[in-house]
Amino acid sequence: MSMKPDQLRSARWFLPDDLRSMGHRSRAMQMGLADEDWHGKPVIAVINTWSDLSPCHHHLRDRAEWVKRGVLQAGGMPVELPVPSFSEQLLKPTSMLYRNMGAMEVEETLRSHPVDGAVLLGGCDKSTPALIMGAISMGIPFLFMPAGAMLRGHYAGRTLGSGTDVWKSWDDRRAGKIGKEEWDGVQGGIARSYGTCMTMGTASTMMSIAEALGLTLPGASSIPAPDSAHKRMAAACGRRAVELVWEELTPDKVITKASVHNATVVAMATGCSTNAIIHLTAMARRAGVEWGLDDFDRIARDTPVIANLRPSGSEYLMEDFFLAGGLRALMKELSGKLDLSALTVTGKSLGEGLKGASNFNRDVIRPLSNPVYGKGSLAVLRGNLAPDGAVMKPAACDPRFRIHAGPAIVADSYPELKRIIDDPDYPMTPDHVLVLRNAGPQGGPGMPEWGMIPMPSALLKKGHRDMVRLSDARMSGTSYGACILHVAPEAHVGGPLALIRTGDIIELDVVKQSLNVRVSDSELNERRSAWVPPPPRYERGYGWMFQRHIEQADKGCDFDFLKTEFGAPVPEPAIY
C-alpha cells in the first residue's frame, strides 16, 4: 500500500472537521451509512450502463451487486452510479451520436463525486469506448468489466450468429427463398439470453480491445454473459479496484503506445469490426497517444486473422472462442507480435497474464501458420475519393471484389437509397458500385450504421449476394460484404464523395489500397465550385453542439474540445 487513508480523494469530502464535510457525513448517514463504511476506505464507483431498454446489459443490475460484493471483501465502499446505457438496437438515430456525450457524463460523474476508483460495467458497442474515454480523461484508477456475449442463437436445427444471420435471412426473404414463418423463427431464436452480440462484431471487438489494452482482468472479455464465471469475474473486479486505489495505478500508466499497439494487433487478428478504428483512435488520443490510420494499416499488413469467428470466419461464435481458451489463448498465439512488457490493471505485465494460457481448439483459434485470412481484418484505402482514408473488411467480402471498377449509382439519402434497393426492376448489374452519401459524422447525423447497404432486390432475384457498396457511414461489426466505409472527409462537409455522379467509374484495389473515381482533377474542381453545402441537421440542443465540434472518422469522431491537448487538465472540484 503506497497511498495513506488520509490521502484518499474521497477524504476531501468526508475527513475534515468543518461545516461542509459535516453535511457530507450527515447525508451519508441519511442513507443508513456509518463512519465504518467510509472512514479510511477507498470509495469505488460502480459505473453502470444497465437500463430497461438495453438488452445487451440487462444483467448488469445483478452484476453490479457482485462487483459491490468484491469491493466490500477488499475493504472498500462501493457506490453505484448510473450513466447512459447506449442501447445499440433501440437508440436512434444511432448510438454513435451519443458516444461522446456518454464519455462526458462518465468523466464528470467521476470528477464531481467522492470516489477514489471505478469499475466500468459495459460492453454493447459504444459503451466500451464511451466509458473508457471518460475514465481516461478523469484519470483515477479504474478497470473495465465486460458485459460478455450472449449464448449462440438457434433455429430449426441450425446455429445463428447475431446480426450476420439476420442480414442473410433478410436477403433470403427479399429474394423469396424464405417466408414469414421462418423469418419469425429467426427473430425468436437469434437472441436467447442477455449479453452482447456473440459474433465478432463491434461489442466483442471492443471488449477484446479493452483487455488487450490492459484494462480488464485476464480473460474477462471472453466469458459469456450467462456463465457463472462471469459473476466471479465481477466480484474479482471489485476486489481489484480497491487494490488499484492503494497502488495508485492510474490509466496513464496502463494506456501507452505499447498497449495501443497490442490492442491493434489483437483487433486485426480477431477479424475485428471496422468500428475498431474509430473507437481505438479516440481512446488512444484521450490517453495522449497519437494513433491513426497509418498505424492500423502498418499493423494490418503484418497481422493475419486467426480467430475463426463469424463474420470473417465461417462457423464459430464467441461461446466457442471462450471454450477454446478465449482471448488469452489468442494473444498467446500472437505473443511474438505483442509487447509483453506492457503493464495491465493487474499490476503485472501482459506477458505474466498470459502464463498458463492454452489453445484447446486450433480450428477456432488458428496458429499463425494457418490463418483464416492472410492479412489483417481491415484494409485502409486512400485516393482522390478518400484523401483522408476509407476502411474495408476484405476478409468478409467476395474475393472478386477486392479489385474492381464499376459505374456508380449515387443516393444522397437513405430514403433515396431504399427506393433503389427495393425496386426489383432497377437497371443495375453486380458490377455497379452503390453509393450512399451524407451519412457521416455530420451528415447522418452521428455516422449511423447505414454502410451495410442491403443487396438490391434487382440483384437478389438473379442470385447475386455481394457487390461493392460505398459510403461515409459505418456498418455493424456483425456485417459482411464488399462495403467501403468511413470515407473521409465526409460528403456533408464537401469531401470528394459529395462530387461524384451516377455513372462515374469507381476504382477499388485492395492490394494497392486505393480508392479513386475516374474523373479528372479539373472536372472535380468544377464540380466543387458548383457544390452547395447542405443545411445543418440541428439548430439547437445537443445536436447543434455535436455538429460544431465532431471530428471526422479518421480522427476518431471525438469532440475537438475533449482532446487531451485542447487545454490544461480540469482541476479537482472546489469544496467549500
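Leaving aside neighbours within four places in sequence, which residues is Val345 in contact with? Select Val345 and follow along. Contact here means heavy atoms within 4.5 Å. On that basis Val345 is in contact with Phe142, Leu143, Gly214, Leu215, Thr216, Leu217, Arg240, Leu244, Leu249 and Val254.

Before going on, a word on what is on your screen. This is a predicted model, in which local features need pLDDT of at least 70 and side-chain atom pairs count only at pLDDT 80 or more, while totals for chains, interfaces and linings use all residues. Residues are numbered from 1 along each chain as its sequence is written, and side-chain values use heavy atoms, with hydrogens and water left out.

**Stop 1: around Val345**

Val345 sits in the loop between H15 and H16. Helices (H or I, at least four residues) and strands (E, at least two) are DSSP runs, numbered from the N terminus. Val345 counts as buried because its relative accessibility is 2%; buried means under 20% relative accessible area, exposed over 50%, and partly exposed in between, with a 1.4 Å probe and protein chains only. Now add Pro218 to the selection: Val345 and Pro218 are 127 residues apart in sequence, yet 9.3 Å apart in space, C-alpha to C-alpha.

**Stop 2: the largest cavity**

Keep Pro218 selected, since Pro218 is among the residues that line the largest cavity. A probe the size of a water molecule, rolled over the atoms, shows where empty space is left. On a 1 Å grid over the protein atoms alone, a cavity is a set of points where a 1.4 Å probe fits but cannot get out; a pocket is an open set with protein on both sides within 12 Å along at least five of seven lines; and lining residues have an atom within 4 Å of a point. Grid points are joined across faces, edges and corners, and a volume is the space filled by probe spheres set on the points.

The whole structure holds three cavities of 30 Å³ or more, and the largest cavity has a volume of about 80 Å³. To show its lining, select Glu211, Gly214, Thr216, Pro218, Gly219, Arg328, Met331, Thr344, Leu350, Gly353 and Leu354. H15 and H16 (350–353) each supply at least two of the lining residues. By class, this lining has four nonpolar, five polar and two charged residues; Ala, Val, Leu, Ile, Met, Phe, Trp, Tyr, Cys and Pro count as nonpolar, Asp, Glu, Lys and Arg as charged, and the others, Gly among them, as polar.

**Stop 3: H11 against H15**

Stay with H15 (residues 326–333) and add H11 (residues 257–270): these two helices pack at an angle of about 105 degrees, with their axes 11 Å apart. Axes are lines fitted to C-alpha atoms, for helices over the stretch in contact, and angles run from 0 to 180 degrees between N-to-C directions. H11 and H15 are therefore roughly perpendicular to each other; the classes are roughly parallel under 35 degrees, roughly antiparallel over 145, roughly perpendicular from 65 to 115, and oblique for the rest. Show side chains for Val266, Ala269 and Thr270 of H11 and for Leu327, Leu330 and Met331 of H15, which make the contact. These residues divide into five nonpolar, one polar and no charged.

**Stop 4: the largest pocket**

Next, centre the view on Gln89, Gly163, Val166, Trp167 and Ser476, which lie nearest the centre of the largest pocket among its 42 lining residues. About 1200 Å³ of space lies there. H7 (164–174), H8 (180–189), H9 (202–212) and H17 (414–421) each supply at least two lining residues, and H7 gives the most, with five. The lining divides into 22 nonpolar, twelve polar and eight charged residues.

**Stop 5: Thr196**

Between H8 and H9, pick Thr196 in the loop. Is Thr196 buried or exposed? Thr196 counts as buried because its relative accessibility is 0%. Not counting residues up to four places away in sequence, Thr196 touches Cys56, Gly123, Cys124, Ala147, Gly148, Ala149, Met150, Ala203 and Met207.

**Stop 6: backbone details**

Move to the loop between E12 (483–485) and E13 (505–509), where Pro489 lies. A cis peptide bond joins Ala488 and Pro489, with omega about -5 degrees. His486 is in the loop between E12 and E13, and its phi is near 60 degrees, a positive value in a residue other than glycine. His486 is buried, with a relative accessible area of 4%.

Finish at Pro311, in the loop between H13 (293–300) and H14 (318–323). The peptide bond from Arg310 to Pro311 is cis, with omega near 10 degrees.
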